[in-house]
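Trainee: Could we go through this model together? I have several short questions.
Mentor: Certainly; please begin wherever you wish.

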Amino acid sequence: MKQQNINNLVRLGELLSKTEQFNDIFEKAEQQNSWFTRANVIFAFKSWSDALSENNVKKWLSQYQLPQTTLPKKILIIMAGNLPLVGLHDLLCALVTGHKAIVKLSSNDCVLLPYLITQMKTFAPEWTEAVTFTDDKVTEYDAVIATGSDNTARYFEYYFGKKPHIIRKNRHSVAVLTGKETPEELFALGKDIFLYYGLGCRSISKLFVPKGYDFNLLFQAIYPYKDIIQEQKYANNYDYNKAVYLMSLFQLLENGFLLLKEDEHYGSPIATLFYEYYTDVDSLKEKLTTDAEKIQCVVAHNFTTEEVDFGETQIPQLWDYADGVDTLNFLLKLA
């Protein structure tokens, strides 16, 4: 079973690398959700293709004892739709563990995944047959994986709390700067900020900077991302948030395509980055530990053992589980 899983995942990675074959579906996805630009969807496909290399797949699955046979359970997967293919990892975990997946797609991402599953029929027909997409109320299921906001999580807990479940809430990602970063590191940070327009939980939405930090260092390094303001929907958010903040008499820093606002919250709106000053590294570590359930990633250099390198937040590995919850282990325990 494990070798067949490896073969299927590697073949899927090869399929995802052939982005020229998906032109029509990319166009449909962007028509359905204008945030899913061709560039962003291609980046998602290529990132998945890289993650599903044979070496990566073997490294991932080698950590688990997959059963040779299993009595499949029905796994209800409620997906978010903020990024292209954002629910694919949960689905692959269900398939690798031999279960059947009942998938409720977000209306924001309901084109790409069903098409991809149909394309898998040529090399993994047993997986294609194990996936059901539905918009109807699901009453028969054995476990739930649901991803949503803090508000929807309360409903998920109410409806699904009596079954085995993984329920994910809002999380945000932060970067810890010291003022000693190289221009190259700060440029890479721009990728973490602007990719997918900052819509992902792994998108940097807040900076922690030392007192007296020179924000010109950041603005100069991220200037090459300036063309993002040419995207009308991004520009509309920039203009709206700027107007709201200025009418509220907030102090802002800006460079024409990104707003910086001092704010204690983690989740900043599109085209805005919150920042907070720190004076003591140990106190900052303690704060981030206390707020761990609000944080998905910490980008930094020699700050914590769990940190992510600059520019790497949007290319997680197969073993980088959302919210730090091992989805594969959760599903294996159901067998």
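Trainee: Leaving aside its neighbours within four places in sequence, which residues is leucine 217 in contact with?
Mentor: This is a predicted model, and in it leucine 217 touches Gly179 and Leu186, once neighbours within four places in sequence are left aside.

Trainee: Where does leucine 217 lie?
Mentor: Leucine 217 belongs to helix 10, residues 215-222. Its C-alpha atom is separated by 9.1 Å from that of threonine 182, and these two residues are 35 residues apart along the chain.

Trainee: And why does leucine 217 count as partly exposed?
Mentor: Its relative accessibility is 36%, and the partly exposed class runs between 20% and 50%.

Trainee: Turning to lysine 261, is that residue buried or exposed?
Mentor: Lysine 261 counts as buried, because its relative accessibility is 5%. The residue is part of strand 9, residues 259-262.

Trainee: What is lysine 261 in contact with, leaving aside neighbours within four places in sequence?
Mentor: Its contacts are Tyr245, Phe250, Gln251, Leu252, Leu273, Phe274 and Tyr275.

Trainee: Next, the domains. How is the protein chain divided?
Mentor: There is a domain 1, covering 1-169, and a domain 2, covering 172-299. Their C-alpha centres are 30 Å apart.

Trainee: How many residues of each domain are in contact with the other?
Mentor: Nine residues of domain 1 meet 12 residues of domain 2.

Trainee: Which strands does strand 2 pair with?
Mentor: Strand 2, residues 100-104, is joined to strand 1, residues 74-78, by five bridges, and the two run parallel. In that pairing, isoleucine 78 faces lysine 104 of strand 2. Between strand 1 and strand 2 the chain passes through helix 5, residues 88-96, in a right-handed β-α-β crossover. Strand 2 also pairs with strand 3, residues 131-133, in the parallel sense over three bridges. There, valine 103 is opposite phenylalanine 133.

Trainee: Now helix 2. Which of its residues are buried?
Mentor: In helix 2, residues 23-32, the buried residues are Ile25, Phe26 and Ala29. They fall within an arc of 105 degrees seen down the axis, so they line one face of helix 2.

Trainee: What is found on the other side of helix 2?
Mentor: Asp24 and Gln31 are exposed there. The cover over the buried residues of helix 2, for its part, includes helix 3 and helix 6, the latter at 112-119.

Trainee: Is there a general reason for such a pattern? What does the number of residues a turn imply?
Mentor: An α-helix has 3.6 residues a turn, so residues three or four places apart point the same way.

Trainee: Which residues of helix 4 are buried?
Mentor: Helix 4, residues 54-61, has Asn56, Val57, Trp60 and Leu61 as its buried residues. These cover an arc of only 120 degrees around the axis, which puts them on the same side of helix 4.

Trainee: What covers the buried residues of helix 4?
Mentor: The cover includes helix 1 (2-17), helix 3 (38-51), helix 5 and helix 13 (327-332).

Trainee: A last topic: how many disulfides does the structure hold?
Mentor: The structure holds zero disulfides.

Trainee: Why is cysteine 93 without a bond to cysteine 201?
Mentor: The sulfur of cysteine 201 is the closest cysteine sulfur to that of cysteine 93, yet the separation is 15 Å, which is too far for a bond. Cysteine 93 counts as buried because its relative accessibility is 0%. Cysteine 110, by contrast, counts as partly exposed at 33% relative accessibility.

Definitions and conventions. Residues are numbered from 1 along each chain as its sequence is written. This is a predicted model: local features need pLDDT of at least 70, side-chain atom pairs count only at pLDDT 80 or more; totals for chains, interfaces and linings use all residues. Side-chain values use heavy atoms; hydrogens and water are left out. Two strands pair if DSSP finds at least two bridges between them. Helices (H or I, at least four residues) and strands (E, at least two) are DSSP runs, numbered from the N terminus. A crossover is right-handed if, with the strands pointing away from the viewer, the path from the first strand over the helix to the second runs clockwise. Buried means under 20% relative accessible area, exposed over 50%, partly exposed in between (1.4 Å probe, protein chains only). The arc is that of the directions from the helix axis to the C-beta atoms. Contact means heavy atoms within 4.5 Å. A disulfide is a pair of cysteine sulfur atoms within 2.5 Å. Domain bounds come from an automatic or database domain assignment.
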